[in-house]
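Please work through the exercises below with the sequence and the model at hand. Each task is followed by a worked solution.

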Amino acid sequence: MKRFHRQFLLGSFLLLLASTGAVMAHRRWSRALPDYGYLTGWVLLGAIILLAVYNARKKLPFLPLGSSESWLQIHIYAGFFTVVLFLIHLNFRVPTGWFEGTLAWLYLLVTGSGVAGLILSRVLPRRLATRGGEVIYERIPALRHSLRQEAEALALGGEMKSPAIAEFYARQLSGFLAGPGNFWPHLLESRRPLNAIMTELEEFRRYLNESERATLEKLRDIVRRKDGLDYHHALQRTLKLWLFVHLPLTYSLMMFSLLHVVLVFAFSAGTR
Amino acid sequence: MSEQLPAPDFDSQSYERPNQKWICGHAAEGKPCRLGPDQGGHCRASSECAPVLEIKPGETKGRWRCTRPGGACETGPLPDGKCGRPISKCSPVATLRTRRGQLTRGVVAATAAVLLIMLGGPWRGKFINPGKLSTPHSGEAFAKFHAGRNGDQSCGACHTAGALGPSGMIFAALHSSPGPFAIKELIEAKAGEMTALDESCQKCHTSHLLHQANVARNISCSFCHQEHRGAGPIAAPTDGHCTLCHGNAETMLASSKIVAASPGGSGIARNFAADHPEFRVQSEKRRDPDTLKFNHVLHLSGETIPKPPNGEKLDCRFCHQPDAAGRYFRSIKFENHCQACHSLQFDPETPDLSLPHGNPDFVSAFLHSLPRQYADFAARSGMARPAEQNQFAQEKLQRLQARVGTGEDFEKRVFFSTATSGPETQVGTVRGAMHALYPGCAYCHEVKADDGGKAHITKPLMMDRWLAHAEFNHAKHSGLSCSQCHQAEKSQMTSDIILPAKQTCAACHSPRGGVADSCATCHIYHTGRTGRFARLKANGQVDAAAGVEPVVIGH
């Protein structure tokens, strides 16, 4: 059994066990304990803080706090467990009021973006590995520039300069090679934009002589490599962009949660 | 197009630093400068190297040497010591990590700003309100009522923290009881204990003895009444609230010692179908004290019962008509429900002349003035001349006397006769009756004579509701026929109380039946000094002296 599967089975088992225990405890204690809502709130806040600490752990790699991989596993399964705690804390009812409604929405957005990130980090790397052309995200602009220079050298400044190819390059290819493109088609695994360019190249081919056709073949190869770079750019960017939702909203969630603690105790039955 | 792409070539000597915040603007061209941007994102490019002045022994001026990494350049430094190969400045580009940090800081600032604005502005109450207040605690009526008390109709009317600023709220939170960090106290808190917030409730609800007089200990208002759960009536307590006492043998025993004959005694009731006691009307075999004689069986299935004016067979709906809300039924009234068949026509020859109903003195006066009544009837029938009217009255009286004897005998018959069959088979416009429709007051009423022989009719006591502590809604039960709950077709006596037994209700109102079976589905809690029952009592709508307790008198 692979390590990943062992982790998955163990994590799922522990999550199921903890969730079942939490629901049973809820049924047992929700009516018996008058301050049950405060207690579940503290547990939920503690779990959310544990999840947030993962980000801090990543910034302190020098401290002997366990491997980042272990922390990630804890972050994922504890994150799912907070959904159960969240529902228990709400007593399985929809919150009303602006503040509590916003707090609940923040939690849902943070959790939702986390789940989305988990799915993306499971799916997209496989697609990237299948497509090949492995490249570091930060190097993509330089590689794209290099391809563009290579293509311009072929189309505009080659030894056997062809006006037809130069005109075709300026009209059909220069825009494609200028920057990243086709983000959504690549994310949705659509080859339609590439096929369209390839069809243009094929149709243009019959008007060329032998030497021009050789140049066109090289341009076709460059187009394919550029499309590969765009594919990597789209998928790797998506792998990074979900954190643009998850992280900032986590801080908002923490701020709202702390204020929520203050408000519930300030307006509790035990306060005059 | 499915073949794998090869990994692009790249300079293996070059590498990316994962923690760098800014990257050189020339990196996109594959030519990042060696220094790169500083931490603030400013370009540090100046030239390819910083020439060094080397002065050999014996030289006075020395010579500038190129220090470019990777080897000296061809041109070398300029005579003034500057590098001869300046690097063009770039616009450094923020990494995704940096942009994410900027966005995070922006979101944090925006969140803080929103919270400060919302907490510091006039919207604070609306912003932090966890839900709309119930109708009794909001709206114009409440505002008007509260204005006469302490005037504060905002959060501060009930919550001290509602009138405080942010620091005051933190102070209040830290000094709440139990406090935020008093985990042990939070765990060990006793359900229903009186809290500081109850003081706010008692500013208006001055007495806390809202339930039965035998409550063993006062229960916090907020234990049962969860506010901020939306407009409308305040949320009904759950079974958990009721069974705090009613499901606890110790509490109920203590309660029964306070008032021994308390309704419900020391019994435990946790679940309607399982251990709720039988309705006392049934378990104590109570009887309807009403003196009016009524036979449900006869009216529903008797062969001699004529059809009412609507032409349909007489059924429950003819007499038991729902009120405007459909919850209960309108009171039974002689004029609406009885008179159509039980007319007060005493003279078969003059069916349009009837005895008055409702007061025996009026009946007696009517009988003593029969000549005048006949004469007035003649006038109403179109006889204009008094002589003609008097003659009509005399003729009628003579024929009546021939049938009923003296006036005294006739009056006795009117009041005391209980004959179920009379000399006439038809009275007035109603045909097909087998006996006189008006045999006498005593046919339906309890009529007693005093020492002087004067008739006294006992006022009927029509019960609108038998379970005054409970709520019922007939409209919600309209899918059932009357006889599914009320055994009217077996009731021959007025004293029969044809309420269903508990098991009949529990057939549906139970987990098995699938219909709500919580305590609050039927019960009213505040039945003590200030509750709904007390209000009914104060309004004279409740009478506990009628042999059954409580009953609601027909009105």
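The exercises concern a predicted model and treat an interface and then one chain.

**Exercise 1.** Determine how many residues of chain A are in contact with chain B, and what area is buried between chain A and chain B.

*Solution.* Begin with the contacts: 54 residues of chain A are in contact with 66 residues of chain B. Next, take the area buried between the two chains, which is about 5300 Å². Carbon and sulfur atoms give 69% of that area.

**Exercise 2.** State which helices of chain A supply at least two residues each of the side that touches chain B, and describe that side by residue class.

*Solution.* Start from the area of about 5300 Å² buried between chain A and chain B. On the side of chain A that touches chain B, α2 (36-59), α4 (98-131), α5 (140-156), α8 (192-205), α9 (210-241) and α10 (243-266) each supply at least two residues. The most comes from α10(A), with 13 residues. By class, this side of chain A has 29 nonpolar, 12 polar and 13 charged residues.

**Exercise 3.** Find how many salt bridges and how many residue pairs in polar contact the rule gives across the interface of chain A and chain B.

*Solution.* For salt bridges, the rule finds zero across this interface. For polar contacts, the rule finds five residue pairs, both residues at pLDDT 80 or more.

**Exercise 4.** Characterise chain B by its helices and strands, its buried residues and its exposed area.

*Solution.* First, chain B has 21 helices and eight strands. Second, 32% of its 555 residues count as buried. Third, chain B exposes about 33300 Å², of which carbon and sulfur atoms supply 56%. Finally, among contacts in chain B with a separation of 6 or more, residues 24 or more positions apart account for 57%.

Note on methods:
Residues are numbered from 1 along each chain as its sequence is written. Chains are lettered from A and ligands numbered from 1 in the order in which they are written. This is a predicted model: local features need pLDDT of at least 70, side-chain atom pairs count only at pLDDT 80 or more; totals for chains, interfaces and linings use all residues. Side-chain values use heavy atoms; hydrogens and water are left out. Contact means heavy atoms within 4.5 Å. Buried area is the accessible area (1.4 Å probe) that two parts lose on being put together, summed over both. A salt bridge is a side-chain nitrogen of Lys or Arg within 4 Å of a carboxyl oxygen of Asp or Glu. A polar contact is a pair of N or O atoms within 3.5 Å; within protein, one must be able to donate a hydrogen and the other to accept it, and residues adjacent in sequence count only if both atoms are side-chain atoms. Helices (H or I, at least four residues) and strands (E, at least two) are DSSP runs, numbered from the N terminus. Ala, Val, Leu, Ile, Met, Phe, Trp, Tyr, Cys and Pro count as nonpolar, Asp, Glu, Lys and Arg as charged, and the others, Gly among them, as polar. Buried means under 20% relative accessible area, exposed over 50%, partly exposed in between (1.4 Å probe, protein chains only). Accessible areas come from the Shrake-Rupley method with a 1.4 Å probe; for residues, only the protein chains shown count as cover.
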